[in-house]
Amino acid sequence: MAGYDRVRHGGAAIQAVETAIRILEASGLFNAGVGSRIQLDGIKRMDAAIMEGHGLRAGAVAAIERVRHPITAARLVMEKTAHVLLVGPPATRFARHFNVELQSRSHRAARTRTATWGKRDLLTKKTLALFKAMRRQEQSNLETVGAVALDEQGTLAAGASTGGVAFMLPGRVGDTPLIGCGVYADNKAGAVSMTGVGEGIIRIGIAKEIADRLAAGVAPAVAVRLVLSKLVSRINGSAGALVLHPNGRLSIRHTTLRMAAGYWRGSGTPFVADDFRS
């Protein structure tokens, strides 16, 4: 609702997307922002991307540290530089140059200690197998956060933010900060924000492929169903998508066990659910 309020009061779609994702990053309930996973070396590194569909402008950060709102850092890349993607320590320094809000050191230290102690027990085949089984049941509240929006000027925007996947090697980058994989927005096609296992999303280039199908006249529900089916049949991938058409038609679909998502059109009660597979 906070994101929609931006649009309702004349704000741009890009503002609505950033506002919505900032709330999710700050909640600690999702694998993004303060709730991001710790990597195997005990450090929290985060990815985010944002894109607007009028001028096809985009910004992204990968492996950024300490920042409370990576999505804001991504927007700064889009608006303050001639680049699209900044990575690693230079991305963190860039964000701090613009005085972005940081996560508390005490929070980071506590999460790091937890990761360090956990490695002693979890790095065994038996315990890892149990962890993966549990993660499949809990993944609805552990994954990437994202948003799509359409403003009164007809401009679309999409964004996403994540802390990666469990037991990822330091330096691993998923789909979220890769434009055309984790996010894409084009006023002549649609806006797409992805979640799921990034390696598969990258190999298919899902966000851009869905957008291309929308541009060719395929309905949002059909486009997302066809591309997610391709992901499963070709590489046994797993993902979920938020898809918004320039005419306002919305589709939410996933091949994951669950996907917490919701939408609001400005009237009635906002709709929220964790299963959009029908």
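**View 1. Arg 66, tucked away in a loop.** Arg 66 is buried, with a relative accessible area of 13%, and buried here means under 20%. Keep in mind, for this view and the others, that the model is predicted. You'll find Arg 66 in the loop between E2 and helix H3 (70-80). Its backbone is worth a look too: Arg 66 has a positive phi of about 70°, although it is not a glycine. As background, most residues other than glycine have a negative phi.

**View 2. Ala 63, a positive phi inside a strand.** Ala 63 sits in strand E2. Phi of Ala 63 is near 55°, which is again a positive value in a residue other than glycine. Is Ala 63 buried or exposed? With 15% relative accessibility, Ala 63 counts as buried.

**View 3. The five-stranded sheet.** Here 5 strands make up an open sheet, and going across you meet them in the order E3-E2-E1-E5-E4. The pairing in this sheet is mixed. Which strands stand at the edges? They are strand E3 (85-87) and strand E4 (145-150); each has a single partner strand, so one side of each is left without a neighbour in the sheet. On average, neighbouring strands of this sheet are turned by 5° against each other, direction ignored.

**View 4. E1 beside E2, with two helices on the sheet.** Strand E1 (residues 46-52) pairs with strand E2 (residues 57-64) in the antiparallel sense, over 6 bridges. To find your place along the pair, look for Met 46, which stands opposite Ile 64 in E2. Helix H2 (residues 13-27) packs on this sheet and touches E1, E4 and strand E5 (156-162). The direction of H2 makes about 155° with that of E4. Helix H4 (residues 88-97) packs on the sheet as well, touching E2 and E3. The direction of H4 makes about 115° with that of E2.

**View 5. The four-stranded sheet.** This open sheet has 4 strands, in the order E6-E7-E8-E9, and the pairing is antiparallel. Strand E6 (183-186) and strand E9 (250-254) take the edges; each has a single partner strand, so one side of each is left without a neighbour in the sheet. Neighbouring strands of this sheet are turned by 10° against each other on average, direction ignored.

**View 6. E8 beside E9, with H8 and H9.** Strand E8 (residues 239-244) and E9 pair in the antiparallel sense over 5 bridges. Zoom in on Leu 242 and you'll see its bridge partner in E9, Ile 252. Helix H8 (residues 206-215) packs on the sheet, touching E6, strand E7 (190-196) and E8. The direction of H8 makes about 150° with that of E7. Helix H9 (residues 220-235) lies across E7, E8 and E9, and H9 runs at about 20° to E9.

**View 7. A cavity inside the model.** How many cavities of 30 Å³ or more does a search of the whole structure find? The search turns up 1, with a volume of about 70 Å³. Its lining is made of Glu 143, Thr 144, Thr 162, Gly 164, Val 165, Arg 172, Gly 174, Asp 175, Thr 176, Gly 196 and Gly 198. Sorted by kind, those lining residues come to 1 nonpolar, 7 polar and 3 charged.

Key:
Residues numbered from 1 in each chain as written. Predicted model: local features only at pLDDT ≥ 70, side-chain atom pairs only at ≥ 80, totals over all residues. Heavy atoms only, no water. 1 Å grid on protein atoms, 1.4 Å probe; cavity = no way out; pocket = protein on both sides within 12 Å on 5 of 7 lines; lining within 4 Å. Points joined across faces, edges and corners; volume = space filled by probe spheres on them. Nonpolar A, V, L, I, M, F, W, Y, C, P; charged D, E, K, R; others polar. Pairing = 2+ DSSP bridges. Axes fitted to C-alpha atoms, helices over the stretch in contact; angles between N-to-C directions. Contact = heavy atoms within 4.5 Å. Buried < 20%, exposed > 50% of the residue type's maximum accessible area, 1.4 Å probe, protein only.
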